[in-house]
Amino acid sequence: MQILRCAALSVALALLPGVAHPQGKTAPKDAKVYFITPYDGQKLRGGFWVRFGLRNMGVTHAGDEYHNAGHHHLLVDVNDPIDPKEPIPQDKSHLHFGAGQTETFLELPPGTHTLQLVLGDAKHYPFEPPVVSEKINLRVRQPPPQRGK
């Protein structure tokens, strides 16, 4: 009888909706994602390369369940924090690099923009603790006019 009560209690606790666990995998506390280029406050003309840096973790493809490895997500002009219990959205402001890319060529309209990196696990969830870069600010200026040929 005691065993049945323990089993029933275990099942009931497992099914409680209030007991939520983050979806993301654990990350080393010293893991860091950062921008190699561009740098905070940089003024750019036209398109530019964005290069991602990662320390104390590895880069892999989305869907690959390797320990201490994930893939990059680039947040463009995103003000709201990432929800650690939800997958990172995929839209024009949340760019996914699920093939393991560590750089991209970005073209933004003239104006002030922010960029931030988030490392996601195999299923696009942020790690626990989140591996998130500092947010950088950029100013994109109109590209120079092309001279007639």
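Buried means under 20% relative accessible area, exposed means over 50%, and partly exposed falls in between (1.4 Å probe, protein chains only). These legends describe a predicted model, where local features need pLDDT of at least 70, side-chain atom pairs count only at pLDDT 80 or more, and totals for chains, interfaces and linings use all residues. Residues are numbered from 1 along each chain as its sequence is written, and side-chain values use heavy atoms, with hydrogens and water left out.

**View 1. The whole protein has one helix and nine strands.** Helices (H or I, at least four residues) and strands (E, at least two) are DSSP runs, numbered from the N terminus. Starting at that end, the elements read α-β-β-β-β-β-β-β-β-β. Of the 149 residues, 34% are buried. About 9,700 Å² is exposed, with carbon and sulfur atoms supplying 54% of it; the areas come from the Shrake-Rupley method with a 1.4 Å probe, and for residues only the protein chains shown count as cover. Contact means heavy atoms within 4.5 Å. Among contacts between residues at least 6 apart in sequence, 69% join residues at least 24 apart.

**View 2. An open sheet of three strands runs in the order β1-β3-β7, with antiparallel pairing.** Since β1 and β7 are the edge strands, each has a single partner strand, so one side of each is left without a neighbour in the sheet. From one strand to the next, the twist averages 30 degrees; axes are lines fitted to C-alpha atoms, for helices over the stretch in contact, and angles run from 0 to 180 degrees between N-to-C directions. Two strands pair if DSSP finds at least two bridges between them, and β3 and β7 pair in the antiparallel sense over four bridges. Look for Phe48, whose bridge partner in β7 is Leu106.

**View 3. Two aromatic pairs are found in the structure.** Rings of Phe, Tyr and Trp (its six-membered ring) pair if their centres lie within 6.5 Å; planes under 30 degrees apart count as stacked, over 60 as edge-to-face and the rest as tilted. One pair joins Trp49 and Phe105 edge-to-face, at 5.5 Å centre to centre with 70 degrees between the planes. Trp49 sits in strand β3 and Phe105 in strand β7, so this pair ties together parts 56 residues apart in sequence. Trp49 is partly exposed at 40% relative accessibility, and Phe105 is partly exposed with a relative accessible area of 40%. Phe52 and Phe97 also pair edge-to-face, at 5.1 Å centre to centre with 65 degrees between the planes. Here Phe52 belongs to strand β3 and Phe97 to strand β6 (residues 94-97), so the parts tied together are 45 residues apart in sequence. Phe52 is buried at 4% relative accessibility, and Phe97 is buried with a relative accessible area of 7%.

**View 4. Thr104 lies in strand β7 (residues 103-106).** Its relative accessible area is 16%, so Thr104 counts as buried. Leaving aside neighbours within four places in sequence, Thr104 is in contact with Phe48, Trp49, Val50, Phe52, Leu74 and Phe97.

**View 5. The largest nonpolar core has 23 residues.** Such a core is a set of buried Ala, Val, Leu, Ile, Met, Phe, Trp, Tyr and Cys residues joined through side-chain atoms within 4.5 Å. Those touching the most other members include Phe48, Val50, Met57 and Leu74. The largest share, four residues, comes from β3. Not counting residues up to four places away in sequence, Met57 touches Ala27, Pro28, Ala31, Asn68, Ala69, Leu119, Phe127 and Val131.
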